[in-house]
Amino acid sequence: MTLIEQAAVPAEALPVAEFRDHLRLGTGFADLGAGDTALVAYLRAAIAAIETRTAKALLARDFLLTIEDWRSTQGQPLPIAPVSAIAAVLLRDAAGNALVVEPARYRLVRDMSRPRVQAVGGSLPLVPMEGAVEISFSAGFGPGWDSLPVDLAQAVFLLAAQYYELRHEGIAEVQAIPFGVMALIEPWRTVRVLGGRA
């Protein structure tokens, strides 16, 4: 199973000014642009860490999931939530040729813990020998920072602030996620049981 983020979160969707206020940094300095570049990097790192821990896409963007076979012919769980739409499902044969699966054969089951592609009126189509399935979908709470649940937004700020505060320390100091962040994200965590056939 391979999950690829098709495009990064756009910089304009990141709350750089709010994060600067959270850190109580001064404004009006000549190198503010360079400072903002660093703040964007800390925000992106914190978002990535929290998304990995929770299996939730915080800000909306497109993903491509590639699997070798369906987990079940009745449905395929998706590894990240919340999923808003499935753009396409393709079957690829061993030579790389693609066959588009008709949208009438499947539907999206929206679930905050285990969204899935569900078969409609039967089963999902057979995957070609030595082939793969590609599922293109959109996931995330919304396009803007204000669409995030408050606890997840606060967790990002707290973790990004730790990255900022420990920016001159060794990597071992930065790897631990603080207890306060873990407490905020714990209700959003999902035990992942995905992969190939059931």
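## A tour from Glu186 inward

Start with Glu186: this residue counts as partly exposed because its relative accessibility is 43%. Keep in mind throughout that this is a predicted model.

**Stop 1: a pair at Glu186.** Add Arg189 to the selection. The two side chains, Arg189 and Glu186, form a salt bridge, with N to O at 3.6 Å. Arg189 has a relative accessible area of 37%, so Arg189 is partly exposed.

**Stop 2: Glu5 and Arg61.** Now select these two. Their side chains meet in a salt bridge at 2.9 Å, N to O. The pair links distant parts of the chain, 56 residues apart. Glu5 sits in strand β1 (residues 2–5), and Arg61 sits in strand β2 (residues 61–67). Is each partner buried or partly exposed? Check Glu5, then Arg61. Glu5 is partly exposed, at 37% relative accessibility. Arg61 is buried, at 8% relative accessible area. Next, add Glu51. A network of salt bridges links Glu5, Glu51 and Arg61.

**Stop 3: Arg20 and Asp36.** Here is another salt bridge: the closest N and O atoms of Arg20 and Asp36 are 2.8 Å apart. Arg20 belongs to helix α1 and Asp36 to helix α2, so the pair ties together parts 16 residues apart in sequence. Both Arg20 and Asp36 are buried. The model's salt bridge count comes to 5.

**Stop 4: the largest nonpolar core.** Select Phe19 and Ile50. They have the most contacts inside the largest nonpolar core, which has 34 residues. Colour four helices next: α1 (16–23), α2 (32–54), α3 (150–165) and α5 (179–185). Each supplies at least two residues of this core. Which helix gives the largest share? It is α3, with 10 residues.

Zoom in on Ile50. Leave aside its neighbours within four places in sequence. Its contacts then are Leu58, Leu152, Ala155, Val156, Leu159, Val181 and Ile185.

**Stop 5: the second core.** Select Ile80, Val83, Val127 and Ile135. They are among the 22 residues of a second, separate core.

**Stop 6: the open sheet.** Switch to a cartoon view. Which strands form the open sheet, and in what order? There are 3 strands, in the order β3-β7-β6, with antiparallel pairing. At the edges are β3 (75–77) and β6 (106–109), each pairing on one side only. From one strand to the next, the twist averages 20°. In general, strands of a sheet pair through backbone hydrogen bonds, parallel or antiparallel.

Look closely at β6 and β7 (residues 116–119). These strands pair in the antiparallel sense over 4 bridges. For one of the partnerships, select Val109 and find its bridge partner in β7, Arg116.

**Stop 7: Val117.** Stay in β7, where Val117 has its place. Is Val117 buried or exposed? Val117 counts as buried because its relative accessibility is 0%.

Show what surrounds Val117, again leaving aside neighbours within four places in sequence. Its contacts include Gln74, Gly75, Gln76 and Leu78. Ile86, Tyr106, Arg107, Leu124 and Ile135 also touch Val117. You met Ile135 before, as one of the second core's residues.

For a last step, draw a distance line between the C-alpha atoms of Val117 and Val89. They are separated by 9.4 Å, with their positions 28 residues apart along the chain.

Conventions
Residues numbered from 1 in each chain as written. Predicted model: local features only at pLDDT ≥ 70, side-chain atom pairs only at ≥ 80, totals over all residues. Heavy atoms only, no water. Pairing = 2+ DSSP bridges. Axes fitted to C-alpha atoms, helices over the stretch in contact; angles between N-to-C directions. Core = buried A, V, L, I, M, F, W, Y, C linked by side-chain atoms within 4.5 Å. Buried < 20%, exposed > 50% of the residue type's maximum accessible area, 1.4 Å probe, protein only. Contact = heavy atoms within 4.5 Å. Salt bridge = Lys/Arg side-chain N within 4 Å of Asp/Glu carboxyl O.
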